[in-house]
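Work through the exercises below with the model open. Try each task before reading its solution.

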Amino acid sequence: LVAPGYREKVRQLLYGLPHAAAVDETEQLRRNLDEMMDFNYLFTGALFLFGTALAFAIVFNTMTINVLERSREVATLRTLGMRRRTLAQILTIENVLTALLGVALGLPLGYQLAAYFSQIYSNEVLTLWFVIHPRTYALAILGILGVVLVSQIPSIRYVNRMDLATAAKERAG
């Protein structure tokens, strides 16, 4: 550690040493690293937002198509007297179970893929330690379930508002 008033003098003395090519200050290196990390956090946050939007779009479209393809079946169940709440619960359970199956298949596959890419980019100069905390898995599972529950709201509203006579008469195309 060098007192602030002597920093320039120490730098000149270090440059005066034989074979001295550069002098790096710990504080300057720390500031540079902090700037790079700020950019890294911003970039990672943007990737997270794009990934979340993509997941929502995929899940939303899957839920909507599922209900639209089964509108005749849903209309028949409602015509036979099934309550809207019961039908919504059935759709929710079906969607959550499908999501959990996807998570059960996707998380191990994602882990293997991430470990593989980490291994590819590691070499004798740079070693990337591959670490995924259990909290990350919990947040991913909760996030997917949240997306499933939110994205099924329009489908359930559609089921509740559908014209039963028209939907029951429709033929699948």
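**Exercise 1. The pocket lining**

By class, how many nonpolar, polar and charged residues does the lining of the largest pocket have?

Solution.
- Start with the source: this is a predicted model.
- Sort the lining by class: the largest pocket has 19 nonpolar residues, eleven polar ones and one charged residue.
- Add the volume: the largest pocket holds about 870 Å³ of space.
- Locate the centre: 31 residues line the pocket, and Ala55, Val103, Ala140, Gly143 and Ile144 are the closest to its centre.

**Exercise 2. Where the lining comes from**

Find which helices each supply at least two residues of the lining of the largest pocket, and which one gives the largest share.

Solution.
- List the contributors: helix 2 (26–69), helix 4 and helix 5 (134–151) each supply at least two lining residues.
- Pick out the main one: helix 4 gives the largest share, with eleven residues.

**Exercise 3. Helix 4 against helix 5**

Describe how helix 4 and helix 5 cross, then name the residues that make the contact.

Solution.
- Geometry: the two axes come within 10 Å and cross at roughly 145 degrees.
- Hand: helix 4 passes helix 5 in a right-handed crossing.
- Residues: helix 4 uses Thr92, Asn95, Val96, Ala99, Leu100, Val103, Leu107 and Tyr111, while helix 5 uses Tyr137, Ile141, Ile144, Leu145, Val148 and Leu149.
- Class: this contact has twelve nonpolar residues, two polar ones and no charged ones.
- Link to the pocket: Val103 of helix 4 and Ile144 of helix 5 belong to this contact, and both are among the lining residues closest to the pocket centre.

**Exercise 4. Helix 4 against helix 6**

At what angle do helix 4 and helix 6 pack, and which residues make the contact?

Solution.
- Geometry: helix 4 (residues 84–121) and helix 6 (residues 153–161) pack at about 145 degrees, with axes 10 Å apart.
- Hand: the crossing is right-handed.
- Residues: Arg84, Leu87, Ala88, Leu91 and Thr92 of helix 4 meet Ile156, Val159 and Asn160 of helix 6.
- Class: five residues of this contact are nonpolar, two are polar and one is charged.
- Shared residue: Thr92 of helix 4 appears here, and Thr92 also takes part in the contact with helix 5.

**Exercise 5. Confidence**

Which element has the lowest mean pLDDT, and which the highest?

Solution.
- Whole chain: the mean pLDDT is 88, and 98% of residues reach 70 or more.
- Elements: helix 7 (residues 164–169) has the lowest mean, 79, and helix 4 the highest, 93.

Definitions and conventions
Residues are numbered from 1 along each chain as its sequence is written. This is a predicted model: local features need pLDDT of at least 70, side-chain atom pairs count only at pLDDT 80 or more; totals for chains, interfaces and linings use all residues. Side-chain values use heavy atoms; hydrogens and water are left out. Axes are lines fitted to C-alpha atoms, for helices over the stretch in contact, and angles run from 0 to 180 degrees between N-to-C directions. Helices (H or I, at least four residues) and strands (E, at least two) are DSSP runs, numbered from the N terminus. A crossing is left-handed if the near helix is turned anticlockwise from the far one by less than a right angle, and right-handed if clockwise. Contact means heavy atoms within 4.5 Å. Ala, Val, Leu, Ile, Met, Phe, Trp, Tyr, Cys and Pro count as nonpolar, Asp, Glu, Lys and Arg as charged, and the others, Gly among them, as polar. On a 1 Å grid over the protein atoms alone, a cavity is a set of points where a 1.4 Å probe fits but cannot get out, and a pocket is an open set with protein on both sides within 12 Å along at least five of seven lines; lining residues have an atom within 4 Å of a point. Grid points are joined across faces, edges and corners, and a volume is the space filled by probe spheres set on the points. pLDDT is the predictor's confidence in each residue, from 0 to 100.
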